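Here are some short exercises for you to try with the model on screen. Have a go at each task before reading its solution.

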Amino acid sequence: MNRPDNNRGVTLLELMITVAIVGILAAIVYPTYRDQMLKTTRGTEGLATLQDLASRQERYYSKNSTYTVDPADLGFAADGMTPKGLYQIKITDDPCGDIRRCYSITASAAAGQVDDEECQTMTIDSTGSKTSAPAAAGCWR
């Protein structure tokens, strides 16, 4: 008995074309996905921590009539790392040079977040000024 030609399986050429198309789509989609994940983490880990610490600084000031450079005084990890370890937090007496009157909190990308080339560091200070480096306007959105 002869089989009809329409019962053939997938040819190697058809399979290779399908694999190539999937590969091309993955090469296009993955970088966009990665960028979105970095932006999401920036907001949930970096920006949220900065805003939380700024709020804690103000509460600390209302009780002690001074700000602090020690994250532990604000109920934060003494090593300055965010909960998931993606940002290193540093508190200084910028912009006025006197911790009794002003502070600046900087979050620097660490671990997997260092791939976020748009926003390696983000800073908020006692005046509410928000900056970032390398000067990306979209960091605080």
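**Exercise 1. Find where Pro134 sits and describe the peptide bond before it.**

Step 1: Pro134 is in the segment after strand 4 (130-133); helices (H or I, at least four residues) and strands (E, at least two) are DSSP runs, numbered from the N terminus.
Step 2: The bond joining Ala133 and Pro134 is cis, with omega about 0 degrees.

A note before you go on: this is a predicted model, where local features need pLDDT of at least 70, side-chain atom pairs count only at pLDDT 80 or more, and totals for chains, interfaces and linings use all residues. Residues are numbered from 1 along each chain as its sequence is written, and side-chain values use heavy atoms, leaving out hydrogens and water.

**Exercise 2. Locate Pro95 and describe its bond to Asp94.**

Step 1: Look in the loop between strand 1 (87-92) and strand 2 (104-109), where Pro95 lies.
Step 2: The peptide bond from Asp94 to Pro95 is cis, and its omega is near 0 degrees.
Step 3: For background, most peptide bonds are trans, and most residues other than glycine have a negative phi.

**Exercise 3. Is Ser65 buried or exposed, and what is its phi?**

Step 1: Ser65 belongs to the loop between helix 1 and strand 1.
Step 2: Its phi is positive, near 60 degrees, although Ser65 is not glycine.
Step 3: Ser65 counts as exposed because its relative accessibility is 55% (buried means under 20% relative accessible area, exposed over 50%, partly exposed in between, with a 1.4 Å probe and protein chains only).
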